[in-house]
Amino acid sequence: MKKLIVVLIMLTVGTNYAQTLQGSITDTNQHPLENVYVYNHTSKVHSHTTMDGRFSLEHTHTGDSITANLLGFKTVNIIVSPEAFQEGLNITMASKLLSLDELIITKDIDPMHHISQIDIETSPVNSSQEILRKVPGLFIGQHAGGGKAEQIFLRGFDIDHGTDINLSVDGMPINMVSHAHGQGYSDLHFMIPETLEIIDFGKGPYYAERGDFATAGYVAFSTKDDLEQSSINLTYGQFNTVRTLGMFKLTSQESNDQAYMAIEYLATDGPFHSPQNFNRLNALGKYTANLRDGNNISLGVSHFTSRWDASGQIPQRAVDQGIIDRFGAIDDTEGGTTSRSNVNVQYKGIADQDTKLSANVFYSRYTFELYSNFTFFLEDPINGDQIKQAETRDILGFNAQVQHNTQWSNMDLKLNGGAGLRHDMSNQNELTHTKNRKEVLQYMQLGDINQTQLYAFANAELSLGKFKLVPALRLDYFNFMYIDALADSYATLDETKAILSPKFNVFYTANERLQWFVKSGVGFHSNDARVVVQQEGKEILPKAYGVDVGTIWKPWSKMVVHSALWYLYLQQEFVYVGDAGIVEPSGKTQRYGLDLGLRYQLNDWLYLNSDATFTHARSLDAPNNADYIPLAPSTTLTAGLSINNYKQFSGGINLRYLKDRPANEDNSIIAEGYVVTDASLSYTFGKIQVGLIIENLFDVDWNETQFATESRLFDEASPVEEIHFTPGTPFFAKGTVSYRF
């Protein structure tokens, strides 16, 4: 009886002295961590950290066991001390490799974002070509040496170099509006792949913070704020290929601020008979100052320059007739030079525990000069059809966002809004008929372009039990100006246009393993300023209407399956063909399809990933037998198996498959599909890592890019329309060695 009384007294006293524990959680760089799950094992009470990393845990006693969990960070276990109630419990969480079994599907996180991070960590990006391939279902192709931007394919689009995908890095736009080579031209080669921290992406026109070009989707890159350690890397391979990379941490581990710089040099001749003489130099410096209360400001400065020669796209008949082989050239005077310098200032701040701010201000200086010959002697049987496209561009602008968490009718409400400006000044935007890169035969287009875009958006995330409703609205305003240097008299041609884009997304989180979603929205892609002023502003911002219905499912703790049925309708596909300086309106189009993805972590060191897409793409204004959309992929598949630090070994094998697809409107010319397999393996001992990378492991003949083109060779009496292609890389081995310090 006495023992029972003592127990009751102790329970009563414990209950009377139960308190609310206040605390904060940051990462090792003292950045606040949001949505950390804080759990009291004794009282079974839990809480989550707010934007500023703070939490409040009720019914807590001295001696209770507390656990803090967040995906991508090591779990922290703490026994509550008496001092914690007086001083607050401050917890620091260290990052670690992500693992699928830690992924808990909730309304507050984007599971695909975390899956993409696992993809990066299990199979790191070590070339600029691999950057975009991290987006499920996205394919790329290079068709002019190593210096020209890659051709992009996604969701039944031949996006060319960026017409229907919105690309950015650290808030800076990558897409070039009214570019000399085509609308939306996106050259990612100024990015050093090892400096990437996050690859955020979304498919469809459903995201209010993404505007121009975000019809098929968007990809937003973020660079690292800091390096764990410095490193030097050397790669050498076939075709006189060499790459050096230096990444240097400039601040100590104890410093409150972070700074680093990275320098990359790449050179290769490629597998072609006419050497590419390609070289590229990249330099990046970034400094981040951590201010009080979780605020920070960073300065990023980068410079990129590149030059190359190219063998161009060759006609299939020239190979069939034995005039050249797959790696020969009809005109090997193609090639070019380009450069880009960037300055970007970013701010991230916490106004209070419910309000978060972010902003960036950027400036870019860009130059471009490209020589191409797609038709050989079709237009000029004496001098050939070589063209030059060139421009010098300045880009400046800013982006600002505010996010606020609040309550509305006892429901969680997250408000997000933003605004921004982008101004492009493209001087001496040129299309010229040339000979042997030296002689100017005819100016076809020449002028100065000024283009301004202002935007504002707002969206809300309203939680209703297991549902989350996300309505959003975006407004874009454009001013287009063009001064034609070839006109008989001086005149400034200008037009203005505004467009309103509503979005509405619904998420239903059934449990920690299953989420359904319906996404819908209106997007657009802008047209070249020269087209806009010619058409006097009519039909220059064609809308895209889209809807996705899908699910993310964890059937087992280490497996994630995601799928989506989708539909996309475009009002008009005006295509500016920079190679000819003309506009090709292709009318209304529709695309629908199925995306499937699988991620399976067999154990701590073995990881499987696979993505497949099935697409039906057709023009709505064309007759049934001529309604194919040229080069639209119908079926794609990627699959990979990665080893991560198994007895000091890392590596993997990756396969990509692209099915045959129509190259013209009536499907009479076929762009052949391919299956290509790449492999890599590395071994780490101490601070040194050695590795081997093999592209096209089985040495298959494949065409990286293909076009249905009408051309004429020098001795031909009449032109021929057929497939012109750039051959894909044959078996290509590279050895690497790196040293970390």
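These are my notebook entries on what I looked up in this structure, which is a predicted model.

**Entry 1: a helix**

I began with helix H3, which covers residues 111-122. I wanted to know how its length compares with what is expected at 1.5 Å a residue. Its 12 residues should span 16 Å, and I found the end C-alpha atoms 17 Å apart, which agrees. Next I asked how many of its residues are buried. The count is 10 of 12, so I wrote down that H3 is mostly covered. Among the buried ones are Pro111, Met112, His114 and Ile115. Further along the helix, Ile118, Asp119, Ile120 and Thr122 are also on the buried list.

**Entry 2: a buried charge**

I then turned to Asp187, in the loop between strand E12 (172-173) and strand E13 (196-203). Which side chain of opposite charge is nearest to this buried residue? It is Arg280, and the distance is 6.6 Å. A salt bridge needs a nitrogen and an oxygen within 4 Å, and Asp187 has no such bridge. What Asp187 does have is a polar contact, side chain to side chain, with His189 at 3.0 Å. Setting aside neighbours within four places in sequence, I also found Asp187 in contact with Gly147, Ala149, Ile174, Phe304 and Thr338.

**Entry 3: the cores**

In general, nonpolar side chains in soluble globular proteins tend to be buried together. With that in mind I looked up the largest nonpolar core, which has 58 residues. Which of them touch the most other members? They are Leu132, Met191, Val219 and Phe221. Strand E30 (residues 559-570) gives this core its largest share, 5 residues. Another core, of 18 residues, lies apart from it; Leu57, Phe73, Val80 and Phe85 are among its members.

I took a closer look at Val219. Beyond residues up to four places away in sequence, Val219 touches Leu132, Val135 and Ile165, among others. Polar residues are on the contact list of Val219 as well, including Asn166, Ser168 and Asp200.

**Entry 4: salt bridges**

How many salt bridges does the structure hold? I noted 30, and I picked three to follow.

- Lys203 pairs with Asp595, with the closest N and O atoms 3.3 Å apart. Lys203 is in strand E13 and Asp595 in strand E33 (residues 589-601), so this bridge ties together parts 392 residues apart in sequence. Both partners are buried.
- Asp394 pairs with Arg365, and here the closest N and O atoms are 2.7 Å apart. Asp394 belongs to strand E23 (residues 387-408) and Arg365 to strand E22 (residues 355-372), so the pair ties together parts 29 residues apart in sequence. Asp394 counts as buried because its relative accessibility is 10%, whereas Arg365, at 37%, counts as partly exposed.
- Arg422 pairs with Asp424, their closest N and O atoms being 2.7 Å apart. Both of these residues are buried.

I also met Lys203 and Asp595 again in a network of salt bridges that links them with Arg155 and Asp548.

**Entry 5: two buried residues in strands**

Ala544 sits in strand E29 (residues 543-556). Is Ala544 buried or exposed? Its relative accessibility is 0%, so Ala544 counts as buried. Leaving out residues up to four places away in sequence, I found that Ala544 touches Pro205, Thr215, Phe524 and Leu568, among others. For distance, I checked Met261, which is 283 residues from Ala544 in sequence and 41 Å away, C-alpha to C-alpha.

Phe153 is in strand E9 (residues 151-154). With a relative accessible area of 4%, Phe153 is buried. Not counting neighbours within four places in sequence, the contacts of Phe153 include Gly137, Leu138 and Phe139, as well as Leu631, Pro633 and Arg661. Glu539 is 386 residues from Phe153 along the chain, and their C-alpha atoms are separated by 25 Å.

**Entry 6: positive phi angles**

Most residues other than glycine have a negative phi. I therefore made a note of Asp160, which has a positive phi of about 55 degrees although it is not a glycine. Asp160 is in strand E10 (residues 157-160) and is partly exposed, with a relative accessible area of 28%.

Asp170 also has a positive phi, near 50 degrees. Where is Asp170 found? Its place is the loop between strand E11 (165-169) and E12. At 12% relative accessibility, Asp170 counts as buried.

Conventions
Residues numbered from 1 in each chain as written. Predicted model: local features only at pLDDT ≥ 70, side-chain atom pairs only at ≥ 80, totals over all residues. Heavy atoms only, no water. Helix = DSSP H or I, 4+ residues; strand = E, 2+ residues; numbered from the N terminus. Expected span 1.5 Å × (residues − 1). Buried < 20%, exposed > 50% of the residue type's maximum accessible area, 1.4 Å probe, protein only. Lys, Arg positive; Asp, Glu negative; His and termini not counted. Polar contact = N/O pair within 3.5 Å; in protein donor to acceptor, adjacent residues only side chain to side chain. Contact = heavy atoms within 4.5 Å. Core = buried A, V, L, I, M, F, W, Y, C linked by side-chain atoms within 4.5 Å.
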